[in-house]
Every structure is written in C-alpha cells, then in structure tokens.
Amino acid sequence: MKKLGLHWQILLGIILGAITGMIISNFEGGKEFSQDWIKPFGKIFIKSLKLIAVPLILAALIKGVSDLKDISKLSKLGGRTIGIYITTTVIAVSLGLVFVNLIQPGVSISKKTRTEMIENYASSTQKYKETAKTRESYGPLKPLEDMVPSNIFASAMNNRNMLQIIFFAVFFGIGLVLIPEEKGKTVKDFFDGFNEVILKMVDLIMLAAPFGVFALLAALVAESPSADLFTALGWYFVTVIIGLLAMILIYVLSILIFTKKSPTFFAKGISPAQLLAFSTSSSAATLPVTLERVTEHLGVEEEVSSFVLPIGATINMDGTSLYQAVAAVFIAQAFGMDLSLSTQLGIIATATLASIGSAAVPGAGMVMLVGVLGYAGIPEAGLALIFAVDRPLDMCRTVVNVTGDATVSMLVAKSIRKLK
Ligand code: ASP
C-alpha cells in the first residue's frame with residue numbers, strides 16, 4: 001500500500017480528533033478524561049515544536065545572512081520583505097472592511113442576545129482588556145526599543161522574544177560576512193551543521209504530527225462551550241471566513257502571476273504547515289515546519305526563507321488583521337453605531353499596526369483588537385460578543401497568517417532570483 005501523504009495523515013488526525021472529542025464530551029467526566037489523558041500529548045507536541053524555535057531561528061538566520069556574502073543584498077532583501085508584508089496586510093484589512101460592510105453581520109444581533117453575551121463573558125474578556133491596558137502606557141517607539149536585546153541569553157530564554165533573537169542573528173550574520181573568510185569558516189561551518197540538525201529534528205517531530213493534532217483537537221472539542229452561541233454569531237463567523245478565503249485566493253493568484261507556479265504545487269507544498277497552524281493556533285509553533293516546507297518543497301532558497309519567514313511569523317499576520325477589521329465593525333454594528341469612512345480608514349492603519357504587534361500565539365489577535373476598538377471609539381465590552389467563536393476563528397486566521405508568510409517568501413525569492 002502506498003504510504004499516505006503527510007498532509008492527509010494530519011488531516012485524518014484532525015478529523016478523528018474532532019470526532020473523538022465530540023464522543024468524549026457526551027460522557028460524564030469526559031472533560032476530565034480528556035484533560036488528564038489526551039491533552040498532555042497535544043501539549044507535548046506543541047512544546048517540542050516550540051523547543052526548536054529559538055535554536056532554529058538563530059541557526060537558520062545566521063546561516064542565511066552569511067550565505068548572502070554581501071551586505072547590500074541584505075538591505076535589498078529586508079526592504080522588499082517589509083514592503084510586501086505591509087502591502088499584504090493592508091489588502092487583508094481592506095478586504096475585511098469590504099466584506100463586513102457588505103454582509104453587515106452585526107445588524108442581526110438582537111439587543112437581548114447582546115446583553116446576555118456581555119453578561120456571560122464579562123469576566124473572560126477582562127483578562128484581554130488588562131493585557132491591552134499595560135500595552136497602552138507604552139510610547140510610540142517602544143516596539144523599536146524592545147527589538148534590541150540587552151542580553152541575548154536572557155532573550156533566548158523566552159519564545160516571545162523572537163524579534164530580539166532575529167535582531168541578534170542578523171547582526172551576528174553581518175559580522176560573520178564582514179570578517180575574512182578563513183577566520184569565519186569554522187563558525188560558519190558550525191552554524192551550517194547546526195542548522196541541518198535542527199531541520200532533521202523538525203522532520204522527526206513531524207512524524208508525530210498526526211498524533212499530536214489528534215490530541216489537540218480531541219481536547220479542544222471535548223472542552224468547547226455549547227454550540228448554541230454559534231448560531232447567533234453565524235454571520236460574523238461566515239464574514240471572517242469569506243474574508244480569509246478571499247485572502248488565500250489572492251495569495252494563490254499572486255503566486256501564479258509572479259512566480260508562474262501552479263496552485264496545486266503551492267497547496268501540496270504548504271498544506272502540512274497550514275494544517276498544523278490550524279491545529280495549534282500559533283504561527284510561532286508552526287514556524288519550524290513552515291520553514292522546512294517552504295525551503296524543501298516550494299523551492300525558496302534557504303537564505304531567503306530563513307530571513308523572510310521568522311520575521312513574517314512575528315510581524316505579518318494577514319488573517320489576524322482581517323479578523324480585527326471585521327470584528328471591530330461587527331461590534332460597532334451590534335451596538336448600533338455608524339462608523340464614518342475616515343474611522344474605517346483609520347481602522348486600516350490601526351489593525352495593520354496591531355497585527356504587527358500581535359504575538360504569534362493563540363488568542364493574541366484578541367488582545368490587540370482592544371486597541372483597535374479603543375481607537376475607533378467602539379465599546380470594549382463588545383469583545384464579549386465575539387468571545388464564543390474566537391478559538392475556531394483563531395485556528396482559521398492562523399492558517400492565513402502562515403500562508404501569507406509562505407507566499408511572501410516566494411514572491412521575495414522570485415524578485416531576487418532565489419526561487420528554484
Ligand atoms: N494565533 C494567531 C497566530 O499565531 C494570532 C492571533 O490572531 O491570535 O498567528
């Protein structure tokens with residue numbers, strides 16, 4: 001029998017996991033069973049992915065930058081990467097705004113449902129508001145200041161410090177390019193070999209992926225709230241999904257137009273990373289796999305992918321920004337507010353910045369949404385309205401975040417002739 005492709009295996013894991021979760025949730029004590037005996041395996045899987053994130057970024061970026069051999073190439077690469085990332089994010093927010101204005105999902109929410117939800121979810125949303133509050137007190141240049149670490153070992157101790165690690169790795173890579181070749185050779189060889197080992201570790205972890213996603217989905221479904229709320233939020237859900245699908249279509253088209261690669265080629269190459277993004281809701285946890293797929297299956301040379309993807313995982317979140325735009329306007333509609341054109345244009349700017357600032361972990365988009373709501377004068381209590389369906393939407397927007405990063409790495413690679 002021919003072995004099932006990895007993406008089919010993962011998909012099977014997702015489906016069987018969801019079914020198992022549904023069955024378990026019907027039994028008394030099912031939730032506890034899943035917490036004690038299933039969830040830990042999902043956690044182990046995510047942890048092992050996160051475990052290699054920091055060493056992977058260090059090794060891949062140092063190797064990538066030193067392979068460039070010429071600093072001027074780096075600034076070209078950096079400029080294009082940031083430029084295309086911002087463009088795709090602005091497109092995503094605009095798409096979100098178009099769909100939410102056309103479909104108007106918030107108009108159908110009755111006053112009764114609104115009050116009920118706000119009461120039910122008041123305490124859950126408090127956490128998000130508080131996290132957002134601490135961020136509010138920061139000055140405008142704080143993100144730039146935060147990017148520069150004062151101690152690389154301290155940064156490497158927390159996966160949230162991706163940008164600091166990227167900063168160090170690029171800086172180190174530049175240093176490596178600037179010293180005489182014979183002096184840097186040992187260091188370069190070390191990082192080349194180190195990088196190979198890490199990529200092999202990714203392969204090994206992926207062998208467990210079907211089981212990992214099975215456990216994640218089973219636990220998620222077993223613990224999810226009742227489905228009634230979904231109906232009230234149906235249109236909101238549909239609006240975000242339509243927007244996300246439209247965004248995927250834009251990626252596929254731009255790949256077809258600019259790189260002449262077919263949609264099936266792209267889908268085959270990236271689908272394991274997409275399925276993993278869906279199951280983990282975290283682009284950071286998916287990064288090792290995205291990097292491996294883009295480099296080994298989509299033909300992007302490593303010096304480009306190792307630079308573009310880690311940066312993308314931290315600053316490029318098209319799915320998140322699209323969702324933030326839809327959510328903000330949806331809440332406004334539910335509260336009967338009319339948003340002017342200029343406010344909506346402002347949402348484009350704030351949602352773009354908010355998605356850059358969002359961490360690549362589950363639920364991060366919701367924290368930053370508080371900022372977008374604040375900007376547009378929309379009541380923060382409205383977060384309670386979208387809370388119930390946030391997790392499934394988080395899973396879907398993370399798929400788009402990861403697909404966007406992969407797309408941009410192909411476009412950038414093509415533009416500097418580094419696409420095989
Ligand atoms: N979970 C998303 C990610 O990791 C971020 C978010 O939208 O909450 O890409």
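## Notebook: ligand site and cavities

I began with the lining of the largest cavity and noted that helix 20 gives the most to it, with four residues. The model I am reading is a predicted one, and I keep that in mind for each entry below.

**Entry on the largest cavity.** I searched the whole structure for enclosed space and found two cavities of 30 Å³ or more. The largest of them holds about 70 Å³ of space, and of the 15 residues that line this cavity, I wrote down Thr320, Ala359, Val361, Asp394 and Asn401 as the closest to its centre. I then looked up which helices take part, and found that helix 18 and helix 20 each supply at least two residues of this lining. Sorting the lining of the largest cavity by class, I counted five nonpolar, eight polar and two charged residues.

**Entry on what fills it.** I next asked myself which cavity is the space taken by the ligand. I found that the ligand takes up the space of the largest cavity, and I therefore turned to the shell around the ligand, where a residue belongs if one of its heavy atoms lies within 4 Å. There are 15 residues around the ligand, and I listed Ser283, Thr320, Gly365, Asp394 and Arg397 as the closest. For this shell I noted that helix 18, which spans 364-376, and helix 20, which spans 390-415, each supply at least two residues, while helix 20 gives the most, with four residues. By class I recorded five nonpolar, eight polar and two charged residues in the shell around the ligand.

**Entry on polar contacts of the ligand.** I looked up the distances between polar atoms one side chain at a time. For Asp394, I found an N or O atom of the side chain 2.7 Å from a nitrogen atom of the ligand. For Arg397, I noted a polar side-chain atom that lies 2.6 Å from an oxygen atom of the ligand. For Asn401, I recorded a side-chain N or O atom 2.8 Å from an oxygen atom of the ligand. I then checked how much of the ligand is covered, and found that the protein covers 100% of the 270 Å² of accessible area that the ligand has on its own.

**Entry on the second largest cavity.** I turned last to the second largest cavity, in which about 30 Å³ of space lies. Which residues line the second largest cavity? I listed Tyr85, Ile86, Thr89, Ile315, Asn316, Thr352 and Ile356. Helix 4, which spans 71-103, and helix 17, which spans 341-357, each supply at least two residues of this lining, and I noted that the largest share, three residues, comes from helix 4. By class, I found that the lining of the second largest cavity divides into four nonpolar, three polar and no charged residues.

Definitions and conventions. Residues numbered from 1 in each chain as written. Predicted model: local features only at pLDDT ≥ 70, side-chain atom pairs only at ≥ 80, totals over all residues. Heavy atoms only, no water. Polar contact = N/O pair within 3.5 Å; in protein donor to acceptor, adjacent residues only side chain to side chain. Areas by Shrake-Rupley, 256 points an atom, 1.4 Å probe, with all protein chains shown as cover. 1 Å grid on protein atoms, 1.4 Å probe; cavity = no way out; pocket = protein on both sides within 12 Å on 5 of 7 lines; lining within 4 Å. Sits in = over half its atoms within 2 Å of the grid points. Nonpolar A, V, L, I, M, F, W, Y, C, P; charged D, E, K, R; others polar. Points joined across faces, edges and corners; volume = space filled by probe spheres on them.
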